[in-house]
Amino acid sequence: MIAEVCKAVLDIFKTEVYSNTVFATHMDYIELAKLPALILYWPEATEWRVVNTDRTVTKNPDSTTTIQPAPQLFNLTFECEVLAETLADLGLLEDKLQALFRNKPYWLINGIEYPARLISLATGITRQGEQVRRIVARFMVEGIEFYPATYTGKQVLEADYNFSELNSTVNEAKKEVF
């Protein structure tokens, strides 16, 4: 689901803010072909503090039990940068960025609407003496579902959510996006 969210966020930014939007593979600006540009960075996932105790328990014909745990809910916090050579370009993209969150507080991702909100917005220059100006923004997409694995066995009583499973899912999602 993380890869789907990242792809949807990229599409939303390309459509609503600026077509020259990319996911950064690193913080080296040499890979940018032209300015202005909008750069998205990989999100930070934090567990949403809502306890969801729903789970599906199925008795199988072979006397085993299958437990599908309830999805874990996560907030994905993204950081993005807008880089431009002129203040006019920077101002235009800043206005579009703010309008996105003001006009679209819910984003449709895989048929589900998720709340999205702007956390912070700051402007500055990239390095002392350079003419490239930038905006750095942080935003959050809330309540993204992550489904732990389904466990089957004769004596399965409970399926434990495991952070290593999330980490492997994040790494797999990165491969799909990049």
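Good morning. I begin with a single residue, E81, which is buried, with a relative accessible area of 1%. Please keep in mind throughout that the model before you is predicted.

What does E81 do with its charge? E81 forms a salt bridge with R134, and the closest N and O atoms are 2.5 Å apart. The two residues come from distant parts of the chain: R134 belongs to strand β9 and E81 to strand β6, with their positions 53 residues apart in the numbering. R134 itself counts as partly exposed, at 25% relative accessibility. As a general remark, side chains of opposite charge can pair when their charged atoms come close.

How many salt bridges does a search of the whole structure find? It finds four. A second one joins R138 to E79, where the closest N and O atoms are 3.7 Å apart. Here too distant parts of the chain are linked, with R138 in strand β9 and E79 in strand β6, 59 residues apart. R138 is partly exposed at 30% relative accessibility, and E79 is partly exposed with a relative accessible area of 31%.

A further salt bridge is formed by the side chains of E142 and R117, at 2.6 Å from N to O. This pair connects E142 in strand β9 with R117 in strand β8, 25 residues apart. E142 counts as buried because its relative accessibility, 16%, is under the 20% limit. R117, at 41%, counts as partly exposed.

Let me turn to strand β6 and its partners. Twelve of the 13 residues of β6 are buried, so the strand is mostly covered. Which strand is joined to β6 by twelve bridges? That strand is β9, and the two run antiparallel. Within β6, C80 stands opposite A137 of β9. Strand β2 also pairs with β6 in the antiparallel sense, over four bridges, and L38 stands opposite V82 in β6. Strand β3, residues 44-47, pairs with β6 as well, again antiparallel and over four bridges. There, T46 stands opposite N75 in β6.

I now move to the nonpolar interior. In soluble globular proteins, nonpolar side chains tend to be buried together. The largest nonpolar core in this model has 33 residues, and those that touch the most other members are V9, F13, L40, F78, W107, F139 and V141. Which elements give two or more residues to this core? They are α1 (2-16), β2 (37-40), β6 (72-84), α2, β7, β8 and β9 (133-146). Helix α1 supplies the largest share, eight residues.

F139 offers a useful view of this core. Leaving out residues up to four places away in sequence, F139 touches V9, F13, L40, L76, T77, F78, C80, F101, W107, R117, L118 and I119. Apart from the largest core lies another, of five residues, including A24, I39, Y41 and V132.

Next, helix α2. What span should its 17 residues, 87-103, cover at 1.5 Å a residue? The expected span is 24 Å, and the end C-alpha atoms are 24 Å apart, which agrees. The buried residues in this helix include L90, L93, L97, A99, L100 and F101. F101 also appears among the residues that F139 touches.

I close with two asparagines, both in loops. N20 is located in the loop between α1 and β1 (21-23). Is N20 buried or exposed? N20 is buried, with a relative accessible area of 18%. Setting aside neighbours within four places in sequence, N20 is in contact with K34, P36, A37 and L38. L38 is the residue that stands opposite V82 in β6.

N110 lies in the loop between β7 (106-109) and β8 (112-125). N110 is exposed because its relative accessible area, 51%, is over the 50% limit. Most residues other than glycine have a negative phi. N110, however, has a positive phi of about 55 degrees, although it is not a glycine.

To review, I began with E81, paired with R134 in a salt bridge, and passed to β6, which twelve bridges join to β9. The largest nonpolar core followed, with α1 giving the largest share, and the talk ended at the exposed N110. Thank you for your attention.

Technical notes:
Residues are numbered from 1 along each chain as its sequence is written. This is a predicted model: local features need pLDDT of at least 70, side-chain atom pairs count only at pLDDT 80 or more; totals for chains, interfaces and linings use all residues. Side-chain values use heavy atoms; hydrogens and water are left out. The expected span of a helix is 1.5 Å times one less than its number of residues. Buried means under 20% relative accessible area, exposed over 50%, partly exposed in between (1.4 Å probe, protein chains only). A nonpolar core is a set of buried Ala, Val, Leu, Ile, Met, Phe, Trp, Tyr and Cys residues joined through side-chain atoms within 4.5 Å. Contact means heavy atoms within 4.5 Å. Two strands pair if DSSP finds at least two bridges between them.
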